[in-house]
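Work through the exercises below with the model open in your viewer. Try each task before you read its solution.

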Amino acid sequence: MKFRPLKSSYYLAGLVFLSFWLFSCSPESTFRIIDKPITWNQEREDLSIQYLKTRHGLDQKTASIDPKMVVVHWTAIDNIEVTFDVFNPPTIAGRADLTEASNLNVSSQFLIDRDGTIFRLLPDTTFARHTIGLNYLAIGVENIGSDEMPLTKKQLKANEELVRYLERKYEIDYVIGHHEYQNFQSTDLWKEADPDYRTVKTDPGDAFMNKLRKNLEDLNLKPVPKL
């Protein structure tokens, strides 16, 4: 006699397969952060502590921050690896507008690729030079993009998820675009020793920031001050 499986067995197996297929094909990606650390050595530590003192007027023994703000940037570089190579050295080269203030290289705590992949370059509360006057309290989020290469929907979603993750860990009051940083000059948060040290920024633009802040309305973040 040949064994014939019950129809219910086929039905159950089909449900299992369908569930697995739907899960594996789901457009909703799982939030994750990939650690891709840039060089942090004694030289970078010393330059960061010096920057905190000379530029922000803060005398600290460690190059750490108490995050109150997230600043969203774009890289003006079209890929992750070149961006990483730019941020990786402790000292900066070829930028006279920046080296006059400090030899400390620019960087950020996070970097987001075009497909929404989030990389952590530095620990959340480690100092990074990315926004004049606000580095001491701001977590920087760089995005692969530029004026010619607008940030993607996947990057928008990744920025939102990252901000929510950071807001759960720290008392984040503001989420701003790099182009909005000078609006804080008249506030108590602004700390820059040189009244003439400014750079003009356009990243990531009002359109992206308006979308991002709309998606984050439930967090009741503080509005960007008016100039």
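**Exercise 1. Place Ile 144 in the fold and decide whether it is buried or exposed.**

Step 1: find the element. Ile 144 sits in the loop between β5 (138-143) and α5 (153-169). Helices (H or I, at least four residues) and strands (E, at least two) are DSSP runs, numbered from the N terminus.

Step 2: check the accessibility. Ile 144 has a relative accessible area of 0%, so it is buried. Buried means under 20% relative accessible area, exposed over 50%, and partly exposed in between (1.4 Å probe, protein chains only).

Step 3: take a distance. The C-alpha atoms of Ile 144 and Asp 115 are 9.5 Å apart, with their positions 29 residues apart along the chain.

A note on the source: this is a predicted model, where local features need pLDDT of at least 70 and side-chain atom pairs count only at pLDDT 80 or more, while totals for chains, interfaces and linings use all residues. Residues are numbered from 1 along each chain as its sequence is written, and side-chain values use heavy atoms, with hydrogens and water left out.

**Exercise 2. Describe the protein chain as a whole: which elements does it have, and in what pattern?**

Step 1: count the elements. The protein chain has six helices and six strands.

Step 2: read them along the sequence. The pattern is α-β-α-β-α-α-β-β-β-α-β-α.

Step 3: look at burial. Of the 227 residues in the protein chain, 46% are buried.

Step 4: look at the contacts. Contact means heavy atoms within 4.5 Å. Among contacts with a separation of 6 or more, 75% are between residues 24 or more positions apart.

Step 5: add the surface. The accessible surface is about 12,800 Å², and carbon and sulfur atoms hold 54% of it. The areas come from the Shrake-Rupley method with a 1.4 Å probe; for residues, only the protein chains shown count as cover.

**Exercise 3. Find the contacts of two buried loop residues, Ser 107 and Glu 180.**

Step 1: start with Ser 107. It lies in the loop between α4 (96-99) and β3 (110-112). Its relative accessibility is 2%, so Ser 107 is buried.

Step 2: list its partners. Neighbours within four places in sequence are set aside. Ser 107 then contacts Ile 38, Arg 44, Phe 87, Leu 122, Ala 128, Arg 129 and His 130.

Step 3: move to Glu 180. This residue is in the loop between β6 (174-177) and α6 (206-215). Glu 180 counts as buried because its relative accessibility is 10%.

Step 4: list the partners again. Beyond residues up to four places away in sequence, Glu 180 touches Asp 206, Met 209, Arg 213 and Val 224.

**Exercise 4. How many aromatic pairs does the structure hold? Describe two of them.**

Step 1: count. There are four aromatic pairs. Rings of Phe, Tyr and Trp (its six-membered ring) pair if their centres lie within 6.5 Å; planes under 30 degrees apart count as stacked, over 60 as edge-to-face and the rest as tilted.

Step 2: take Tyr 174 and Phe 184. Their pair is edge-to-face, at 5.1 Å centre to centre and 90° between the planes. Tyr 174 is in strand β6 and Phe 184 in the loop between β6 and α6, so the pair ties together parts 10 residues apart in sequence. Tyr 174 is buried at 13% relative accessibility, and Phe 184 is buried at 0%.

Step 3: take Tyr 181 and Trp 190. This pair is stacked, with 6.1 Å centre to centre and 20° between the planes. Tyr 181 is buried, at 1% relative accessible area. Trp 190 is buried too, at 12%.

**Exercise 5. Inspect the backbone: where is the cis peptide bond, and what is phi at Ala 76 and Asn 220?**

Step 1: recall the background. Most residues other than glycine have a negative phi, and most peptide bonds are trans.

Step 2: find the cis bond. It joins Asp 203 and Pro 204, with omega about -10°. Pro 204 is in the loop between β6 and α6.

Step 3: check Ala 76. Its phi is positive, near 60°. Ala 76 lies in the loop between β2 and α3 and is exposed, at 58% relative accessible area.

Step 4: check Asn 220. Here phi is positive as well, near 55°. Asn 220 is in the segment after α6 and is exposed, at 66%.
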